[in-house]
Amino acid sequence: MALLKPLLILSISVTAASSSTIDGTRRRSLAEQLAEECVAGTAGLIVSLVPLPCHCTAENADGSDAVLCPMCVAKHCPGVDAGVHCTRKTGPSPSPPASASPLCRPFCALKTDPWEEKCSWGGCEGCAECSRVQQQQLQAKLASRSAAPVRYLKSLNAITAAELDETTLEEVMLDPSVRSIGADCIIELPTENDAAPSAIQEGPTWGIDRIDSRVGLDNQYDDSGITGSGAIVYVLDTGVRITHSEFGGRAEPGWSSGCNDNGCSAGWVRDGVVTDANTCHWHGTHCASTVGGIELGVAKQVTIVTVQVLSCAGSGSTSGIFEGIEWVVADVQRREAELDAHVPAIISMSLGGGGGGRFDEVINWAYAQGVVSVVAAGNNNADACNYSPASTPLAITVGSTTRTDERSSFSNHGSCVDLFAPGSSVDGACTTSDSCTRAASGTSMACPHVAGVASQVWAAHPYFTPAELAAAIDCLATADVIDDMPADTANRFLYN
């Protein structure tokens with residue numbers, strides 16, 4: 001499983017930001033905290049922006065916007081205290097009173113037409129338009145001073161940038177459109193407990209053999225004719241060798257975080273497709289074959305799309321994962337528009353790292369768009385609630401078991417784990433040829449078993465909502481068959 005120290009949110013308040021408080025000590029403290037949070041270093045910064053519609057100030061002399069602003073806050077910024085974010089002026093000047101909360105100050109640095117008019121008399125919408133211009137200016141500034149291209153993450157309302165010099169960092173911290181600054185951490189795959197590659201097996205692997213039975217192994221895998229046809233599983237990982245015989249032409253090119261129109265950076269493959277030219281890392285292909293391999297997989301007819309968010313060396317950035325999730329949602333929406341029908345879509349993420357709640361926002365955003373995330377619980381033999389994305393409530397979090405129905409010694413546990421699936425010594429496809437296999441252990445191997453079953457259930461019941469899909473998987477699970485289970489952990493085993 002990928003080790004990730006996710007986004008560190010350092011809430012740098014606009015109210016506190018001034019030349020007297022942002023001194024050399026504060027800057028060093030920020031750098032030290034970023035370094036501590038990122039085990040494998042940083043790729044730069046993630047600059048989170050204040051939501052535009054929250055910049056609402058009643059500006060009219062007659063107080064008419066004192067009603068408009070709270071309405072705008074209620075509509076666009078649920079949970080925000082309109083009484084704090086909306087202030088009333090006694091005159092039409094675009095400058096806010098000294099007592100106004102800086103968080104609701106209209107960002108109207110441009111005093112010439114048409115901005116002065118919009119800021120003075122445009123109320124909430126005029127203020128939001130001014131704010132949008134200021135955010136565009138910030139993005140342009142970061143683009144001019146960043147060593148790498150900047151990217152906008154709409155799911156987080158954030159901008160990514162390479163490391164900035166201290167002067168630029170101070171300017172960003174003082175910018176009123178900035179909500180917080182976080183580290184864009186590098187992620188790495190750990191060494192798995194692997195066996196050497198072997199020939200493709202004739203019979204079922206023990207993992208898929210086990211999930212079709214309430215008790216034990218019988219050397220058979222019965223999917224009851226539910227193949228996952230019509231559903232899509234997006235494998236966010238190191239890329240997939242889509243030509244492998246296990247996929248039978250059902251694996252498709254997708255997207256790669258390290259590629260753009262000008263080419264791919266070293267260690268990244270176009271559209272996430274692993275080939276003989278770059279056999280990359282086996283991890284993503286192994287997971288994909290458990291989802292939907294002909295011999296090795298759960299769902300024999302599911303469509304698999306490769307989304308490379310980890311390089312061939314097994315590392316990548318937090319923002320790359322977030323952007324990969326955004327790409328998935330956009331691709332699902334494109335397919336649904338073409339088909340004029342709902343497309344059951346599941347994200348399978350066998351990656352994660354320390355810190356609870358780090359992925360909540362982006363996974364919840366995808367969930368609201370109808371895309372369900374299945375994630376690995378982690379390989380630390382610890383409380384999964386202290387890791388991300390395992391801790392995200394709307395993700396389906398998966399722990400690992402052995403072939404003798406014991407919790408794998410490495411598997412995380414706790415109240416954030418939804419269920420368990422086979423994860424110790426699981427055979428899967430590899431990348432050195434179109435027929436090779438290898439064994440591997442980890443919650444990384446358990447996660448795609450559940451993603452495969454999720455695709456089976458959703459393909460058979462495409463009218464299910466994401467919540468109903470999760471409930472169905474939980475309802476189907478076998479209770480109280482796993483040994484060595486902590487008391488605070490749900491003893492539920494995957495069943496299809």
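Is Cys-287 buried or exposed, and what is its relative accessible area? In this predicted model, Cys-287 is buried, with a relative accessible area of 1%. The close-up views below take up this cysteine and the disulfides in turn.

**View A. Cys-287 and Cys-447, two cysteines whose sulfur atoms are too far apart for a bond.** The cysteine sulfur closest to that of Cys-287 belongs to Cys-447, at 7.0 Å. Seen from the other side of the pair, the closest cysteine sulfur to that of Cys-447 is in Cys-287, again at 7.0 Å and too far for a bond. Because a disulfide requires sulfur atoms within 2.5 Å, the separation of 7.0 Å rules out such a link between Cys-287 and Cys-447. Cys-447 is buried at 0% relative accessibility, and Cys-287 is likewise buried, at 1%.

**View B. The disulfide between Cys-259 and Cys-264.** A search of the whole structure yields 4 disulfides, one of which joins Cys-259 to Cys-264 with an S to S distance of 2.0 Å. The link of Cys-259 and Cys-264 is right-handed, with 110° about the S-S bond. Cys-259 is buried, its relative accessible area being 14%, whereas Cys-264 counts as partly exposed at 33% relative accessibility.

**View C. The disulfide between Cys-385 and Cys-416.** The sulfur atoms of Cys-385 and Cys-416 lie 2.1 Å apart and form a disulfide. This link is right-handed, with 110° about the S-S bond of Cys-385 and Cys-416. Cys-385 is located in the loop between β14 (371-376) and β15 (387-388), and Cys-416 in the loop between β16 (396-401) and β17 (419-422), so the pair ties together parts that are 31 residues apart in sequence. With a relative accessibility of 22%, Cys-385 is classed as partly exposed. Cys-416, by contrast, is buried, with a relative accessible area of 19%. The two residues fall into separate classes because the limit for a buried residue is under 20% relative accessible area.

**View D. The disulfide between Cys-430 and Cys-436.** Cys-430 is joined to Cys-436 by a disulfide, with 2.0 Å from S to S. Cys-430 counts as buried, at 3% relative accessibility. Its partner Cys-436 is also buried, with a relative accessible area of 8%.

Technical notes: Residues are numbered from 1 along each chain as its sequence is written. This is a predicted model: local features need pLDDT of at least 70, side-chain atom pairs count only at pLDDT 80 or more; totals for chains, interfaces and linings use all residues. Side-chain values use heavy atoms; hydrogens and water are left out. Buried means under 20% relative accessible area, exposed over 50%, partly exposed in between (1.4 Å probe, protein chains only). Helices (H or I, at least four residues) and strands (E, at least two) are DSSP runs, numbered from the N terminus.
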